[in-house]
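Please open the model in your viewer and keep the sequence panel beside it, since the tour moves from the whole chain to a single residue.

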Amino acid sequence: MTYPEHLTTHLGELADKLGMDPHDMTIVKMTPGVDERHKELELLQGSWKETRPWIIVDERDRIYTLSSAESLSMLIRLLSTSQSENFQHKLEKAIWQRLPIDFEDVWSVAMDRIQTMARTQADRTVVNIDLDWLVSEIKQKYPNLFYHLDQMLSQKE
């Protein structure tokens, strides 16, 4: 099926982002229904039984996607895992930059401090925390957990 050029371009870009061939997409046209609570759907391309996301084009040529609850749930789990891994890598980097004597001890103190901060939040999450600041604070409070190059160099002289 052929679409207006601007829509074809947009659908092509969307297909690239979704890792799909534009010709394999299920495309549905949505038009006004008999009243405000109803819409009519017309299958333009693909199949109603397709398990991939459906692309819905409304009467103003705005594009939406419709996905199964299972796919959305999997996406949320993947994003959550990715966010957690990213946070852990950033914390690990911040700790290693301060030269810990025992990484695991510093990690435990940092996680305990983060959990304490999270408990003080209304929604029990800490969205933005400066991990460099946190590890610096831990180093000041627990200097025995870190090597101090300035002290080591002065002892050698």
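In what order do the elements of the chain run from the N terminus on? Colour by secondary structure and follow the order α-β-β-β-β-α-α-α-α, which comes to five helices and four strands, where helices (H or I, at least four residues) and strands (E, at least two) are DSSP runs numbered from the N terminus. This is a predicted model, in which local features need pLDDT of at least 70 and side-chain atom pairs count only at pLDDT 80 or more, while totals for chains, interfaces and linings use all residues. Residues are numbered from 1 along each chain as its sequence is written, and side-chain values use heavy atoms, with hydrogens and water left out.

Next, select the C-alpha trace of the chain, which spans about 85 × 35 × 25 Å along its principal axes. Then show the surface: buried residues (under 20% relative accessible area, with exposed over 50% and partly exposed in between, using a 1.4 Å probe and protein chains only) make up 25% of the 157 residues.

Now select Arg 52, in the loop between strand 2 (39-45) and strand 3 (54-57), and ask whether Arg 52 is buried or exposed. Arg 52 is partly exposed, with a relative accessible area of 36%. Leaving aside neighbours within four places in sequence, Arg 52 is in contact (heavy atoms within 4.5 Å) with Met 20 and Asp 24. Finally, add Met 20 to the selection: Arg 52 and Met 20 are 32 residues apart in sequence, and their C-alpha atoms lie 9.3 Å apart in space.
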